[in-house]
Protein chains: 2
Amino acid sequence: MAVQTAESTTESVAGSAAPSVDLGPAAALSCRECGHRVPLGPVFACQECFGPLEIAYDFSDHDTEELRRRIEAGPANIWRYAPLLPVPADVATKPNINPGWTKLVQADNLARELGVTGGLYVKDDSGNPTHSFKDRVVAQALEAARAFGFTTLSCSSTGNLAGAVGAAAARAGLRSCVFIPHDLEQGKVVMAAVYGGELVGIEGNYDDVNRFCSELIGDPAGEGWGFVNVNLRPYYAEGSKTLAYEICEQLGWRLPDQLVVPIASGSQLTKIDKGLRELIELGLVEDRPYKIFGAQAEGCSPVSAAYKAGHDVVRPQKPKTIAKSLAIGNPADGPYVLDIARRTGGAVEDVTDEQIVEAIRLLARTEGIFAETAGGVTVGVTKKLIENGDLDPALTTVVLNTGDGLKTLDAVADTGLTATIRPNLDSFREAGLA
Amino acid sequence: MAVQTAESTTESVAGSAAPSVDLGPAAALSCRECGHRVPLGPVFACQECFGPLEIAYDFSDHDTEELRRRIEAGPANIWRYAPLLPVPADVATKPNINPGWTKLVQADNLARELGVTGGLYVKDDSGNPTHSFKDRVVAQALEAARAFGFTTLSCSSTGNLAGAVGAAAARAGLRSCVFIPHDLEQGKVVMAAVYGGELVGIEGNYDDVNRFCSELIGDPAGEGWGFVNVNLRPYYAEGSKTLAYEICEQLGWRLPDQLVVPIASGSQLTKIDKGLRELIELGLVEDRPYKIFGAQAEGCSPVSAAYKAGHDVVRPQKPKTIAKSLAIGNPADGPYVLDIARRTGGAVEDVTDEQIVEAIRLLARTEGIFAETAGGVTVGVTKKLIENGDLDPALTTVVLNTGDGLKTLDAVADTGLTATIRPNLDSFREAGLA
């Protein structure tokens, strides 16, 4: 299977595997397709079959209760799970922006509106340092970059990832260089540029940016460059596991019955599943069934379309939706998402841009959480899944909000004043506000 | 002394003191000027001398180590300090947005740039639910509103406060009604309106809005309305104490030597001082000297001007600065701020808009923290105080960032691409990026 990640179409560069890399429990890279193992290094595609490489761990010789105690005594960020991540044991002492341990909000008001009786929670990742879940994955890539001796942290991006990379590199004292299409909106440019790294506009569209990044990785000019979501992707992707860990720990070391997860490349959903299975294997949660539901915007719904058609492969789409952080038309992990949704008894569903906006408003009005469009997608899909009968309202359900409404203000730009009055009580009364 | 709060010029309404209000350790309201005590109620000005009322506590009969254990075992938000706040003991079980326990970032990179050797920390309140410290104060006002049976949470605002009130009320299931000047920028309107409460534009300027709110409080139409920063102000203001508590606990139950705090109304700075003194009195930290420094923008520097002139009173100014969240020309607590700065051996200083922007960039570049203009003020003032010799770089220093850069993007709007290239390696090399 060819590796087609959303942000790169390159194949593996010759992996200069570092011989004595300390990335904690990470033992090797293992091909998801053929199982071929290679030493830890800045490579992402299997040399045998071009399948995606992921981290293989050595969790042997662990004591479950000792591990639980260690986690609970850890810091209030993702590094409480350092024993389960591809990072050195002393990671928490290194300068980084320490994402994670975001709120799991018990959403009783939203539950009432949606008719959920079994407990509804919103995992709110807008509380991360740069206000999106990307801080989790970039933090892992940063540790890998340090381990491999990279001096520049890089990525292609059109939004959340640029800020996460810029902030992480600034604090870590690494150079950063982020590539974006040259004609991005000024607001997004500012958010990416403020951390003081290189911000390079590419004359071309997002595909051109990605093609260029792939070329750079294979060139001597790219030596010492860690592209978080390309040559560091196996490490980067593991950051999403921390969402699964936190949700279970915050529920009192218990698996939720149902999770609703957004799909961009599909990586987050597959790694949340991986995280849940690890917790079961390690004995940290009781093994019982859970269902994972994938959420897409109708304007970019290749996985949802494949799910509904009963296909195993995903046909690429040209994205056209306000949910730009999910707008990956050719999601690399699409087939794995389909497999997980079907295996766990979940589903994949999509909602229109109108429903996304409605869901943003619903979440804000009921729980005081102002979500990015991606959060509108998951909340909207949750509503639809309940109406369809796919999601059981009597079961404990966790919905992910992966970003912050301040970054996608345009989506609700028509929200305005409910009244305009003159500064006196008569005008106040006339407006019916008393 | 007449009460002149920034957001209201009204005098106390007849305080309908609730007889059996449970607000935890809050015992009464006490006049800061004459010490006159009245029962807990929705009043804010002394009936004897018009001085500001603040909460008087009954902390007798406490066991220091038991209290410390209770706090440390508490939730990762402000409610870990419930025994020290005007809130019922079961506050953490009620629906609210649970602000606080934000990161205290050890800012070694910034310290190096500023020449601080004694330890420099940034208390980063952009991590609060609506991304400003206002969530802390609104959370207290919400509990008071519940205790007094109010059904509408209200305020006048031009920014951060509107979002904090809207979000808190939404989650608590209260009605909210926020008053703003009718011609605010669209972005700010959206941020305030998204939570679904009433958002009323007043035809007039911010002073007109405040005058109207005062009128409404005194009118039967305002019955059942809790204005967080007017008739609930004594409760509201206590929220700032939690910044002091968190800083000390996060330093290992230790007072910092120096704090740099922004000044708007001056309430935050005075309550941080109150919080530090309480920790000393309760035996939770060792009693040793600390210095509090106040930070203003030059374009709105009435307290700084009074400090430098050696005055005890503050002459109002007409604000003109990009630091809009600090732009209170007639700060109610100005005299108290002057007193605290002088008593503790601190100072009050101000910086230009240019220095504010430079400081925002400095903090982002060194620590990956994107601060609001108010954060630019405190970081810029810290730099200036060190250069002046007022702040000792060999002592432990904590600088407050009270808001999020995403809310004041305009301040750094000229931040842009460092290069634009064609999507090929030659163009990359030509730009000197290799």
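In this predicted model, Q258(A) stands opposite T397(A) of strand 13 in chain A. L120(A) also stands opposite T397(A). Strand 13 of chain A covers residues 397-401, and 5 of its 5 residues are buried, so the strand is largely enclosed by the rest of the structure. The points below cover strands, helices, the interface and salt bridges.

**Strand 13 of chain A**
- Strand 10 (residues 258-262) of chain A pairs with strand 13 in the parallel sense, over 3 bridges.
- Strand 5 (residues 120-124) of chain A also runs parallel to strand 13, joined to it by 5 bridges.
- T397(A), V399(A) and N401(A) point one way from strand 13, while V398(A) and L400(A) point the other way.
- Both sets of side chains are buried.

**The sheet in chain B**
- Chain B holds an open sheet of 6 strands with mixed pairing, in the order 4-5-13-10-11-12.
- Strand 4 (104-106) and strand 12 (348-351) are the edge strands; each has a single partner, so one side of each lacks a neighbour in the sheet.
- On average, neighbouring strands of this sheet are turned by 25 degrees against each other, direction ignored.
- Strand 4 and strand 5 (residues 120-124) of chain B pair in the antiparallel sense over 3 bridges.
- Within that pairing, Q106(B) has Y121(B) of strand 5 as its bridge partner.
- Helix 13 (residues 373-388) of chain B packs on the sheet and touches strand 10 (258-262), strand 11 (291-297), strand 12 and strand 13 (397-401).
- The direction of helix 13 makes about 115 degrees with that of strand 12 of chain B.

**Two helices**
- Helix 4 (residues 160-172) of chain A has 13 residues; at 1.5 Å a residue it should span 18 Å, and its end C-alpha atoms are 18 Å apart, which agrees.
- In helix 4 of chain A, 13 of the 13 residues are buried, so the helix is largely enclosed by the rest of the structure.
- G173(A) comes just after helix 4 and takes a positive phi of about 75 degrees.
- Helix 12 (residues 353-367) of chain B has 15 residues; its expected span of 21 Å agrees with the 21 Å between its end C-alpha atoms.
- Buried residues in helix 12 of chain B include I356(B), V357(B), I360(B) and L363(B).
- G368(B) follows helix 12 of chain B, with a positive phi near 70 degrees.

**Interface of chains A and B**
- Contacts involve 68 residues of chain A and 68 residues of chain B.
- The two chains bury about 5,800 Å² between them, with 63% of it on carbon and sulfur atoms.
- R171(A), V194(A) and L406(A) supply 11% of the area that chain A buries against chain B, more than any other three residues.
- The count between the chains is 4 salt bridges.
- R429(A) forms a salt bridge with D219(B), with the closest N and O atoms 2.6 Å apart.

**Salt bridges within chains**
- R429(A) also forms a salt bridge with D426(A), at 3.9 Å between the closest N and O atoms.
- R429(A) and D426(A) are 3 residues apart in helix 14 (residues 425-430) of chain A, separated by about one helical turn.
- R429(A) is partly exposed at 39% relative accessibility, whereas D426(A) is exposed at 51%.
- R80(B) and E249(B) form a salt bridge, with the closest N and O atoms 2.6 Å apart.
- R80(B) lies in the loop between helix 1 (64-72) and strand 4 and E249(B) in helix 8 (residues 241-250), so the pair ties together parts 169 residues apart in sequence.
- Both R80(B) and E249(B) are buried.

Methods:
Residues numbered from 1 in each chain as written. Chains lettered and ligands numbered in written order. Predicted model: local features only at pLDDT ≥ 70, side-chain atom pairs only at ≥ 80, totals over all residues. Heavy atoms only, no water. Pairing = 2+ DSSP bridges. Helix = DSSP H or I, 4+ residues; strand = E, 2+ residues; numbered from the N terminus. Axes fitted to C-alpha atoms, helices over the stretch in contact; angles between N-to-C directions. Contact = heavy atoms within 4.5 Å. Expected span 1.5 Å × (residues − 1). Buried < 20%, exposed > 50% of the residue type's maximum accessible area, 1.4 Å probe, protein only. Buried area = accessible area lost by both parts, 1.4 Å probe. Salt bridge = Lys/Arg side-chain N within 4 Å of Asp/Glu carboxyl O.
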